[in-house]
Amino acid sequence: MTIPTLSSNSPAGDAPAPSRTPPSVLILTKNEDANIEQCLRSVSFSDDIVVLDSFSDDRTVEIASKFPNVRVVQRTFDTEYLQRNFGFESISYKHPWVYVCDADERIPDDLRDELIRAVSDPANTHSALRIRYKNYFLGKWIKRSSGYPVWIIRLVRPEKVRYEKRATNVHPIVEGSTGSLRSHFNHYSFNSGLRRWFDKHNFYSDREAYEAVQVRKLGVGKAGSLFARDPMARRRAFKNAAFFLKGRAFWRFLFQYILKFGFLDGVAGFHYCAMISMYEYWIELKIHEQERSWRERTEDVVKRRLAADPNGAAR
């Protein structure tokens with residue numbers, strides 16, 4: 001994929017000119033005291049940072065409130081798309097561009113400089129910009145295991161972007177064109193420990209299964225275009241198509257570990273591929289649970305057995 005540059009005024013890596021304005025920053029949090037300080041330090045180039053917190057019960061808000069350029073807004077989490085849209089619709093920002101990130105992400109210097117150049121460039125007529133990321137596990141970038149490159153819209157004009165109504169992995173709907181940046185952000189999804197990762201993915205698998213059931217009702221032909229020009233639209237189409245696949249865990253492991261050369265990421269790659277495959281297994285089981293009404297069927301069996309006498313004859 002050819003990634004266009006937004007400005008040629010200064011080469012990548014140069015320090016941003018003092019006269020250039022940064023984007024505002026929006027960070028969504030829930031119990032992120034292990035991550036929030038380092039995240040805020042990495043976006044300290046902005047003089048307008050908003051932490052949208054889902055009423056954390058740890059030290060997240062306390063830590064964030066110590067930064068003079070940070071505002072904390074709290075809203076009870078209900079669904080991801082409503083939470084994210086609240087961040088665009090109900091919060092005012094100092095700058096016209098907003099960089100959206102999670103607490104376990106970090107902005108390296110090259111991306112910082114590119115963000116400032118992008119929002120300061122009068123030739124930039126896009127409504128949103130997508131960015132790739134590097135996923136880290138066991139102290140290394142697991143490039144092959146994590147399906148790199150994955151493109152995510154992160155820099156937006158908030159009045160031009162809304163998130164679709166979807167249970168999880170919501171996709172931003174952009175009014176206008178979308179561009180791309182060259183630099184990456186770093187993703188440290190295991191900073192809070194494996195248990196936190198398992199808990200989060202158990203929660204995500206509930207919502208993925210619910211979404212899968214809705215997609216499967218439409219039929220595979222309406223799941224989306226596998227050949228869309230937008231890389232995020234293609235990724236969504238492949239995800240929707242995978243909801244119809246049997247043995248998701250096996251195929252995911254085969255794809256990530258063998259076909260995408262995840263084995264070249266060493267021990268970290270094996271463990272990561274195994275955990276992601278387990279996550280897919282959870283989703284598939286929960287899809288069957290919802291579609292086949294396991295609970296109701298089990299209760300029917302119990303009722304029949306309770307109504308039977310010791311010899312098996314119904315009373």
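The points below concern the nonpolar cores, one helix pair and one buried residue of this predicted model.

1. The largest nonpolar core holds 30 residues, and among these Ile27, Leu40, Tyr99 and Leu115 touch the most other members. Contributions of at least two residues each come from the helices α1 (36–42), α2 (60–64) and α4 (109–120), and likewise from the strands β1 (24–29), β2 (49–53), β4 (98–102), β6 (128–137) and β11 (178–187). Helix α4 gives the most to this core, supplying five residues.

2. Leu115 deserves a separate look: once its neighbours within four places in sequence are set aside, Leu115 is in contact with Phe45, Tyr99, Ile107, Ile131, Leu155 and Leu181. Tyr99, one of these partners, is also listed with Leu115 among the core residues that touch the most other members.

3. Separate from the core described above there is a second one of 16 residues, which includes Val50, Phe88, Ile91 and Tyr163.

4. Helix α5 (residues 194–218) packs with helix α8 (residues 266–292) at an angle of about 45°, the axes lying 8 Å apart, and α5 is therefore oblique to α8. The crossing in which α5 passes α8 is right-handed, and the residues of this contact divide into 15 nonpolar, four polar and five charged.

5. Asn85, which lies in helix α3 (residues 80–89), is buried, because its relative accessible area is 8%, and the limit for buried is under 20%. Not counting residues up to four places away in sequence, Asn85 touches Arg162 and Tyr163, and Tyr163 is itself included in the second core.

Terms used:
Residues are numbered from 1 along each chain as its sequence is written. This is a predicted model: local features need pLDDT of at least 70, side-chain atom pairs count only at pLDDT 80 or more; totals for chains, interfaces and linings use all residues. Side-chain values use heavy atoms; hydrogens and water are left out. A nonpolar core is a set of buried Ala, Val, Leu, Ile, Met, Phe, Trp, Tyr and Cys residues joined through side-chain atoms within 4.5 Å. Buried means under 20% relative accessible area, exposed over 50%, partly exposed in between (1.4 Å probe, protein chains only). Helices (H or I, at least four residues) and strands (E, at least two) are DSSP runs, numbered from the N terminus. Contact means heavy atoms within 4.5 Å. Axes are lines fitted to C-alpha atoms, for helices over the stretch in contact, and angles run from 0 to 180 degrees between N-to-C directions. Angles under 35 degrees count as roughly parallel, over 145 as roughly antiparallel, 65 to 115 as roughly perpendicular and the rest as oblique. A crossing is left-handed if the near helix is turned anticlockwise from the far one by less than a right angle, and right-handed if clockwise. Ala, Val, Leu, Ile, Met, Phe, Trp, Tyr, Cys and Pro count as nonpolar, Asp, Glu, Lys and Arg as charged, and the others, Gly among them, as polar.
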